[in-house]
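Here's a quick walk through one chain, with an eye on its annotated spans, its confidence and one patch on its surface. Have a look at the structure first.

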Amino acid sequence: MPAGVRRFWRYQVDCGWAWVVCFASFFVQCVIFGTIQSFGTLFISLLNDFKSGESATAWVGSLGYGFLFVIGPVTTALCEHFGCRVMACAGSVLTTISLVVTSFAPSISSMYFTFGVLWGTGGSFLFFSGLLILRFYFNRNISLANGITMTGAGFGTLVFNVMLQELDDKYGWRGGMRVLSVFSALTFLCGCAYIPPPVDYLPFERPSLWSRLKRLIDPRPWRDRAFTMWVLSLSFILFAYFFPYTYLVSVIRLLFPFL
């Protein structure tokens, strides 16, 4: 390997490989949010194919959204223990398998697990590891790096919705799921880019996984009224935040059938 490449391919803060990690995380957010926030595009096809009713069909996407975020505290503890690279690669494998298996789903109820639980879990691994890795690579430019990374969510939402609509029209929702699995497989390469920081950058004492998980039920933060109000307020906001992504397409087609 040339000396210049070897110098670049190493752990660096605020320069060099740090920006590769940033754009790898950008692509991960693009795929994760592009997939889940384009569920509304496939919603009508699932309704027509399985005829299970709007409520039963919407549970597929709802479970995916739910598991993506609700297991966040556990995911972050696992990232702290096993490392962001391991968790990102594991998440890539889970989401890829999930989308492939879902494309062969015989019923809506089977998709509750194959997409809702399995994809939601893998998506959580990818999402949180992609955010946590930035703190090891950025100091002065951490705000910029976070901004670039989360831009991937909006970019993925715009691109994947259009792409899935075309795929759905030509190959059906099952073909669309298989194409999404290809993008999920590419996130494995992004996870490989998360080079673990040197031991010097890590805490001197590394607590066990059990001690990390016990922190999740630590009551002390909840004694802070500001923290409690912030968590509850954000929970109510996010409770309704994702509704439009599921129902907007079907409502638009109902109001404007000529589109």
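## Spans, confidence and a patch

Let's start with residues 56-79: this span is 96% helix and 0% strand, with its end C-alpha atoms 33 Å apart. Keep in mind that this is a predicted model. An unreviewed UniProt entry lists that stretch as a "transmembrane region", along with 16-36, 86-105, 111-137, 144-164, 176-196 and 230-256. Here are two of the listed spans side by side.

| Residues | Helix | Strand | Distance between end C-alpha atoms |
|---|---|---|---|
| 16-36 | 95% | 0% | 32 Å |
| 56-79 | 96% | 0% | 33 Å |

How far can you trust the model? The mean pLDDT for the chain is 84, and 81% of the residues reach at least 70. Among the elements, helix H6 (residues 84-102) comes out highest with a mean of 95, while helix H1 (residues 3-8) sits lowest at 48. Residues 1-8 have pLDDT below 50, and this stretch makes five contacts in the model beyond near neighbours in sequence. Where pLDDT is low, don't read the predicted coordinates in detail.

Now for the surface. Val93, Ile97, Val101, Val182, Leu186, Phe188 and Leu189 make up a nonpolar patch of about 590 Å². H6 and helix H9 (142-192) are the elements that each supply two or more residues to the patch, and H9 gives the largest share, with four.

Is Val93, one of the patch residues, buried or exposed? Val93 belongs to helix H6, and its relative accessible area is 40%, so it counts as partly exposed.

Note on methods. Residues numbered from 1 in each chain as written. Predicted model: local features only at pLDDT ≥ 70, side-chain atom pairs only at ≥ 80, totals over all residues. Heavy atoms only, no water. UniProt positions renumbered as here; feature names shortened; annotations may be inferred. pLDDT = per-residue confidence, 0-100. Contact = heavy atoms within 4.5 Å. Patch = residues over 30% accessible without salt bridge, like charges linked within 9 Å, V, L, I, M, F, W, Y side chains within 5 Å. Areas by Shrake-Rupley, 256 points an atom, 1.4 Å probe, with all protein chains shown as cover. Salt bridge = Lys/Arg side-chain N within 4 Å of Asp/Glu carboxyl O. Buried < 20%, exposed > 50% of the residue type's maximum accessible area, 1.4 Å probe, protein only.
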